[in-house]
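Hi,

Here is the structure I promised to pass on. Have a look at it first, and my notes follow underneath.

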Amino acid sequence: MNYSGAQLRDRTIDAIITEYKEQLDAALPETRGLFGSVLNDFGPRFTCVDHAREQRLTGMIVSVEKDKEGLVTCLDESRHGLEDGDFVTFTEVQGMTDLNGCNPRKVIVKGPYTFAIGDTSDLGEYVRGGIFTQVKMLKILQFKSLRESLAAPEFFLTDFAKFDRPATPHAGFQALSQFKAQHQRLPQPRNAKDATSLVVLAKKIDPDADEKIITELAYQATSDLPPLAAVIGGFVAQEVLKACSMKFHPMLQHLYFDSLESLPTTLLNEQDCQPLGSQYDGQIAMFGKSFQDKLANHCQFLIGAGAIGCEMLKNWSMMGLATGPDARIHVTD
């Protein structure tokens, strides 16, 4: 069976480059504790047939200048809503009839009620009327290969309060891949020696990488949190649909997310986060055993078990909420 796309997880970067040879459209997700990463690589010429979700814009016009600029004026009080680079065609124009059903003309916005469509000097004189309609054109997007994007990344911001953050996890996730290749394992939870080793690897990739953030990434490397996996998984599922359908603009090209604000205020030690051989070891590695015990013995009341409520119940189940002998989840709907 032949495939044109892949969603890859739990592979080292070198393994991905070697095995897939960058010939597939790929979405590469990874979650480590409170950190998430997604890379899209849909090839050097990805065709997007509808890069925006909005309906096509349309409106009435009252004049078209016969000159090199071709200034179009819309009906008073009717903003056209177009942007530079949009394309339009026309219907019901009287006088300058060559515009009716014309090939799409590129728009240069001049104001909220005016836009230019280029040279109209060889057309007839405009008399009255007309309707412009936006034409959605094919958009060709160029994705860098995995190898190229690692060296010269293009970041997709998820939090404008952390606009300078992405470069650090970009180096950190690459360092994690190197650490795993060298030691055949990930850094242990809250292990200072492993964290120092990861910082050294990350600094070789980016000397300006934030040591505190890289240290936290090392501490959380073996952690797996269902809510974060749901967020990143949902995002990647959308990107896969975009790659398959070629509809809507995909993410370019590296996404890095973190929720370090969710860290507990109480500092944990290595012993608190050791695995117990339970299904909740991924959370224990992040928040410690005492926190997991609190979750297990917690009582929760949920109002409404619809779309959001069902997702909450699924996450609570995977987190081990109210799994203790005296805990309860009450649901009313």
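Let me start with one residue: Ser37 is buried, because its relative accessible area is 8%, and the cut-off for buried is under 20%. Bear in mind that this is a predicted model. Ser37 sits in strand β3, which covers residues 35-41. Leaving out residues up to four places away in sequence, Ser37 touches Leu28, Pro29, Glu30, Phe173, Ile232, Leu255 and Tyr256.

One of those partners, Phe173, turns up again in a helix pair. Helix α3 (residues 167-183) and helix α5 (residues 211-219) have axes that come within 10 Å and cross at roughly 40 degrees. The two helices are therefore oblique to each other, and their crossing is right-handed. On the α3 side the contact is made by Thr168, Gly172, Phe173 and Leu176, and on the α5 side by Ile213, Ile214 and Leu217. Sorted by class, that contact has 5 nonpolar and 2 polar residues, with no charged ones.

There is another helix pair to look at. The axes of helix α6 (residues 226-245) and helix α9 (residues 307-319) come within 9 Å, and the crossing angle is roughly 135 degrees. That makes α6 oblique to α9 as well. From α6, the residues in the contact are Pro226, Pro227 and Ala230. From α9, they are Glu311, Lys314, Asn315, Met318 and Met319. By class, the contact of α6 with α9 divides into 5 nonpolar residues, 1 polar and 2 charged.

Now for the strands. If you colour by secondary structure, look for an open sheet of 7 strands with antiparallel pairing. The order across the sheet is β8-β7-β11-β5-β6-β10-β9. At the edges are β8 (105-106) and β9 (108-111), each of which pairs on one side only.

Within that sheet, I also looked at how β6 and β10 are joined. Strand β6 (residues 71-74) and strand β10 (residues 114-116) run antiparallel, with 3 bridges between them. If you want a spot to zoom in on, Val72 stands opposite Phe115 in β10.

So which residues would I click on to begin with? My picks would be Ser37, for the contacts it makes with residues including Ile232 and Leu255, and then Phe173, as part of the contact between α3 and α5. After those, try Val72 and Phe115 for the view across the strands.

Shout if anything here is unclear.

Cheers

How values were computed:
Residues are numbered from 1 along each chain as its sequence is written. This is a predicted model: local features need pLDDT of at least 70, side-chain atom pairs count only at pLDDT 80 or more; totals for chains, interfaces and linings use all residues. Side-chain values use heavy atoms; hydrogens and water are left out. Axes are lines fitted to C-alpha atoms, for helices over the stretch in contact, and angles run from 0 to 180 degrees between N-to-C directions. Helices (H or I, at least four residues) and strands (E, at least two) are DSSP runs, numbered from the N terminus. Angles under 35 degrees count as roughly parallel, over 145 as roughly antiparallel, 65 to 115 as roughly perpendicular and the rest as oblique. A crossing is left-handed if the near helix is turned anticlockwise from the far one by less than a right angle, and right-handed if clockwise. Contact means heavy atoms within 4.5 Å. Ala, Val, Leu, Ile, Met, Phe, Trp, Tyr, Cys and Pro count as nonpolar, Asp, Glu, Lys and Arg as charged, and the others, Gly among them, as polar. Two strands pair if DSSP finds at least two bridges between them. Buried means under 20% relative accessible area, exposed over 50%, partly exposed in between (1.4 Å probe, protein chains only).
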